[in-house]
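User: Please take a close look at the largest pocket in this model. What lines the largest pocket, and which residues lie closest to its centre?

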Amino acid sequence: MASARYTWQIDPEELKPEEPKELTKEEKAKNFWYYHKWHFLIGGVALALVVMFVWEIVAKVEPDYTVGLLSTHSIPMGMAEQLSEKLTPFCDDRNGDGEVVVQISAYTISNNPDQIADANMQMANITRFTGDIQIGESMFFLVNEPELFQESYGIFAYDDDTMPDPKTDPGYQKLGHRWGSCPQLASLDLGCVKNIDGSDGVDMQEFLADFRVVPRGLKNSALNGKKKAEAYYHDAMKVYAAMTAGEETAE
């Protein structure tokens with residue numbers, strides 16, 4: 001407490017604390033925003049991210065069938081989209097969402113170190129392809145070198161779901177069906193890849209002509225005994241049979 005000798009001439013009214021100033025609504029709003037704006041901004045960003053995440057899940061279209069496109073060399077730009085559209089008529093609305101969707105999962109995995117332009121991309125493709133094998137995303141593949149990939153991964157089978165025996169004559173040439181020899185596939189209008197200048201580039205039918213449409217094995221795989229995988233496999237084999245029916249074999 002201040003000594004009396006310092007306060008005896010002070011008016012008691014001067015010692016009263018000032019009453020707090022009543023803020024206007026505008027001043028209250030500015031004051032509130034000054035202290036809480038970052039809370040609102042951070043909360044708004046978090047809410048937007050949640051909404052986007054939920055929307056992606058809700059709006060995402062699940063494919064009825066997935067077909068693997070497996071090549072040792074680069075796949076032309078736009079080929080996956082073209083195949084997705086042109087292979088749709090062979091398929092059915094398996095998931096019952098009212099729309100038939102075919103997804104093409106393309107993997108470029110080179111066996112020649114000199115042809116690997118991007119080691120990270122090569123590893124990413126191997127990882128994606130391995131994941132495809134494990135979960136049974138693709139039940140048949142378009143493959144340019146079945147023998148090479150069979151010796152590396154051992155997943156392909158003959159049409160009767162038996163696997164080649166690498167210890168004997170594996171008969172890799174009997175795996176699947178050559179694209180260019182299957183009337184339904186060879187007659188698809190896939191067009192050409194467009195170059196930067198707008199001119200026609202690679203003819204997609206020519207590119208795929210010697211690819212083989214090859215089913216993966218089921219009964220000797222980790223998918224055997226899994227009801228959903230087995231049901232998907234049998235439905236996919238119907239699509240596979242429709243695509244490869246009437247294959248023209250060389251005399």
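Analyst: Here is the pocket, followed by the cores and the chain around it.

This is a predicted model. Start with the space itself. Rolling a probe the size of a water molecule over the atoms shows where empty space is left. The largest pocket holds about 400 Å³ of space. Its lining is made up of 15 residues. Closest to the centre are Glu62, Pro63, Thr66, Glu137 and Tyr232. By type, the lining has six charged, five nonpolar and four polar residues. Helix α8 is the biggest giver here, with three residues.

Helix α8 also matters for the count in the largest nonpolar core. That core has 36 residues. The members that touch the most others are Leu69, Leu83, Leu87, Phe140, Trp179, Leu185 and Leu208. At least two core residues come from each of β1 (65–71), α3 (79–86), β2 (102–108), β3 (140–143), α7 (204–208) and α8 (227–244). Again α8 gives the most, this time eight residues. A second core stands separate, with 14 residues. Phe129, Ile133, Phe141 and Val143 are among them.

Now step back to the whole chain. It has eight helices and seven strands. Of its 251 residues, 33% count as buried. Take the contacts with a separation of 6 or more: 70% of these join residues 24 or more positions apart. The chain exposes about 16,500 Å². Carbon and sulfur atoms supply 57% of that area.

Conventions:
Residues numbered from 1 in each chain as written. Predicted model: local features only at pLDDT ≥ 70, side-chain atom pairs only at ≥ 80, totals over all residues. Heavy atoms only, no water. Core = buried A, V, L, I, M, F, W, Y, C linked by side-chain atoms within 4.5 Å. Buried < 20%, exposed > 50% of the residue type's maximum accessible area, 1.4 Å probe, protein only. Helix = DSSP H or I, 4+ residues; strand = E, 2+ residues; numbered from the N terminus. 1 Å grid on protein atoms, 1.4 Å probe; cavity = no way out; pocket = protein on both sides within 12 Å on 5 of 7 lines; lining within 4 Å. Points joined across faces, edges and corners; volume = space filled by probe spheres on them. Nonpolar A, V, L, I, M, F, W, Y, C, P; charged D, E, K, R; others polar. Contact = heavy atoms within 4.5 Å. Areas by Shrake-Rupley, 256 points an atom, 1.4 Å probe, with all protein chains shown as cover.
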